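Thanks for sharing this one. Here are some notes to read alongside the model, set out as numbered points.

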Amino acid sequence: MPLDDCRVIELPKMSDPRGNLSFVESDSQVPFAIQRVYYVYDVPGGTDRGGHAHKNLHQLIIAMSGSFDITLDDGKDKKKFHLARSYYGLYICPMIWRTMDNFSSGSVLMVLASTKYAEDDYYRNYDAFMNARLVK
Ligand code: TYD
């Protein structure tokens with residue numbers, strides 16, 4: 001199932017008394033080439049984000065600061081992840097419905113994505129997503 005392909009990836013961490021350093025390279029720490037980076041910040045307490053799936057997009061989500069929960073749903077099973085460290089990334093493959101919530105104050109959610117933004121890559125309607133899943 002696609003949900004089994006989604007996983008937490010531990011990123012390299014250069015531990016240093018001056019401050020730690022982690023990195024992500026295309027096709028190395030992530031199983032795709034990175035074409036876009038975006039980030040979500042200043043999230044008011046109690047807010048939900050996400051609520052959509054992507055047809056072809058691969059993503060790695062990292063909590064650059066603070067913490068939040070991500071629930072993944074492949075139309076059959078659901079899995080919840082808590083991200084709280086910037087040396088872990090959650091890899092999300094295509095055709096997974098995701099929601100994010102429980103954002104801590106000051107948290108920053110960064111996404112590395114395999115393509116540039118394209119609204120026609122989204123399923124924003126859960127029933128349409130489920131229908132597409134049944135066809136596949
Ligand atoms: P959306 O993906 O729905 O955010 P989230 O999943 O975090 O709730 O995007 C929110 C808005 O931002 C939507 O109008 C599309 C726009 N957007 C871009 O213009 N470019 C981007 O790279 C992204 C991710 C979103």
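1. Let me start with a side-chain pairing that is easy to find on screen: aspartate 69 and asparagine 102 make a polar contact through their side chains, at 3.0 Å. Please keep in mind that this is a predicted model, and that the distances here are computed from it.

2. Where does aspartate 69 lie? The residue is part of strand 7, and at a relative accessible area of 8% aspartate 69 is buried. Setting aside neighbours within four places in sequence, aspartate 69 is in contact with Lys80, Phe81 and His82, and also with Thr99, Met100, Asp101 and Asn102. Asparagine 102, the polar partner from my opening point, is thus one of the residues in that list. If you would like a long-range reference, the C-alpha atoms of aspartate 69 and aspartate 120 are separated by 26 Å, with these positions 51 residues apart along the chain.

3. Next door in sequence, phenylalanine 68 deserves a look. A search of the whole structure gives 9 aromatic pairs. Phenylalanine 68 and phenylalanine 103 form a tilted pair, with 5.3 Å from centre to centre and 35 degrees between the planes. Phenylalanine 68 belongs to strand 7 (residues 68-73), while phenylalanine 103 is in the loop between strand 10 (97-101) and strand 11 (108-113), so the pair ties together parts that lie 35 residues apart in sequence. Both phenylalanine 68 and phenylalanine 103 are buried.

4. There is also an aromatic cluster to bring up on your display: Trp97, Tyr123, Tyr126 and Phe129 form one cluster. Tyrosine 123 has a charged companion too, since the charged end of lysine 55 sits over the tyrosine 123 ring, 5.2 Å from the ring centre. A similar arrangement involves arginine 124, which lies over the face of tyrosine 122 at 3.9 Å from the ring centre.

5. Tyrosine 122 and arginine 124 bring us to the ligand, as both are among the residues around it. Which other residues are found there? The remaining names are Arg36, Tyr38, Arg49, Gly50, His52 and Tyr117. For individual distances, a polar side-chain atom of arginine 36 is 2.5 Å from an oxygen atom of the ligand. Histidine 52 has a side-chain N or O atom 2.6 Å from a ligand oxygen. Glycine 50 takes part through its backbone, with an N or O atom 2.9 Å from an oxygen atom of the ligand.

6. Last, the cysteines. How many disulfides does the structure hold? The count is 0. Why is cysteine 6 not bonded to cysteine 93? The closest cysteine sulfur to that of cysteine 6 is the one in cysteine 93, and because 3.6 Å separates them, they are too far apart for a bond; the cut-off is 2.5 Å. As for accessibility, cysteine 6 is buried at 3%, and cysteine 93 is buried at 5%.

Terms used: Residues are numbered from 1 along each chain as its sequence is written. This is a predicted model: local features need pLDDT of at least 70, side-chain atom pairs count only at pLDDT 80 or more; totals for chains, interfaces and linings use all residues. Side-chain values use heavy atoms; hydrogens and water are left out. Buried means under 20% relative accessible area, exposed over 50%, partly exposed in between (1.4 Å probe, protein chains only). Rings of Phe, Tyr and Trp (its six-membered ring) pair if their centres lie within 6.5 Å; planes under 30 degrees apart count as stacked, over 60 as edge-to-face and the rest as tilted. Helices (H or I, at least four residues) and strands (E, at least two) are DSSP runs, numbered from the N terminus. A charge sits over a ring if NZ of Lys or CZ of Arg is within 6 Å of the ring centre and within 35 degrees of the ring normal. A polar contact is a pair of N or O atoms within 3.5 Å; within protein, one must be able to donate a hydrogen and the other to accept it, and residues adjacent in sequence count only if both atoms are side-chain atoms. Contact means heavy atoms within 4.5 Å. A residue is near a molecule or strand if one of its heavy atoms lies within 4 Å of it.
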